[in-house]
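Look at the chain below and follow the text from one helix outward to the parts around it. Keep the numbering at hand while reading.

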Amino acid sequence: MKRLSIVALAAGAMALSLAGCGSDKSGESNSLKQAGTTTTARTLSPVASSAPAAAPIQPPANAPTSATAAKKTAAPAGAATTCGDFRDLTDDAERQVIDQVLAANPGSFLDGSPNVALGTAKLACLATAYANTPVAVAIRVAPK
């Protein structure tokens, strides 16, 4: 279906471009036997918009100036950190929590891969269903 519409669009564009390549004189026929005339192709220019440019949208005067809350810098106890708390941490604090989680759960499939564990925790903790779930459980290094 997509190919058919693309072919139809291309055929329409080619028909429009060929329609614009005729001679400028309406009374004469387009023939190769006309010796003294030369034909030139017309170039199509983009259609200029008659509507004036819209003004940029300004935020309301009573809008809050800070869109995000300040992140926490202190890392809570690693294995007990919930995903809701994990989302509010800075990058350094998140890394500390993941290091603590991996240290508390040796032999997990993420052991020795702190960057993978950090990325997994960031993705898993985006889900609102995991807000009260410990990070170690969310990234499946600890049993429920």
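In this predicted model, the buried residues of helix α3 pack against α2, α4 and α5. The residues of α3 that count as buried are Ala-93, Glu-94, Val-97, Ile-98, Val-101 and Leu-102. The helix itself can be checked by its length. It has 14 residues, and at 1.5 Å a residue these should span 20 Å; the C-alpha atoms at its ends are 20 Å apart, so the expected and the computed values agree.

One of the buried residues of α3, Ile-98, shows what this packing looks like in detail. Leaving out residues up to four places away in sequence, Ile-98 touches Phe-86, Pro-114, Ala-117, Leu-118, Ala-121 and Val-135.

These contacts lead to the nonpolar core. In soluble globular proteins, nonpolar side chains tend to be buried together. The largest nonpolar core here has 21 residues, and the members that touch the most others are Phe-86, Ile-98, Val-135 and Ile-139. At least two residues of this core come from each of α2 (83-86), α3 (91-104), α4 (114-124) and α5 (135-138). Helix α3 gives the largest share, with five residues.

A covalent link is also present. Which two cysteines does the disulfide join? Cys-83 and Cys-125 are the pair, with a distance of 2.2 Å from S to S. The count of disulfides in the model comes to one. The angle about the S-S bond is -55 degrees, and the link of Cys-83 and Cys-125 is left-handed. Cys-83 belongs to helix α2, while Cys-125 sits in the loop between α4 and α5, so the bond ties together parts that lie 42 residues apart in sequence.

Are the two ends of this link buried or exposed? Buried means under 20% relative accessible area. Cys-83 has a relative accessibility of 0% and therefore counts as buried. Cys-125 is buried as well, because its relative accessible area is 1%.

The same cut-off settles the case of Thr-82, which lies in the loop between α1 (2-19) and α2. Thr-82 has 19% relative accessibility, so this residue counts as buried. Apart from neighbours within four places in sequence, Thr-82 is in contact with Ala-131, Asn-132, Thr-133, Pro-134 and Val-135. Val-135 also appears among the contacts of Ile-98, and Val-135 is one of the core residues that touch the most other members.

How values were computed: Residues numbered from 1 in each chain as written. Predicted model: local features only at pLDDT ≥ 70, side-chain atom pairs only at ≥ 80, totals over all residues. Heavy atoms only, no water. Core = buried A, V, L, I, M, F, W, Y, C linked by side-chain atoms within 4.5 Å. Buried < 20%, exposed > 50% of the residue type's maximum accessible area, 1.4 Å probe, protein only. Helix = DSSP H or I, 4+ residues; strand = E, 2+ residues; numbered from the N terminus. Contact = heavy atoms within 4.5 Å. Disulfide = S-S within 2.5 Å. Expected span 1.5 Å × (residues − 1).
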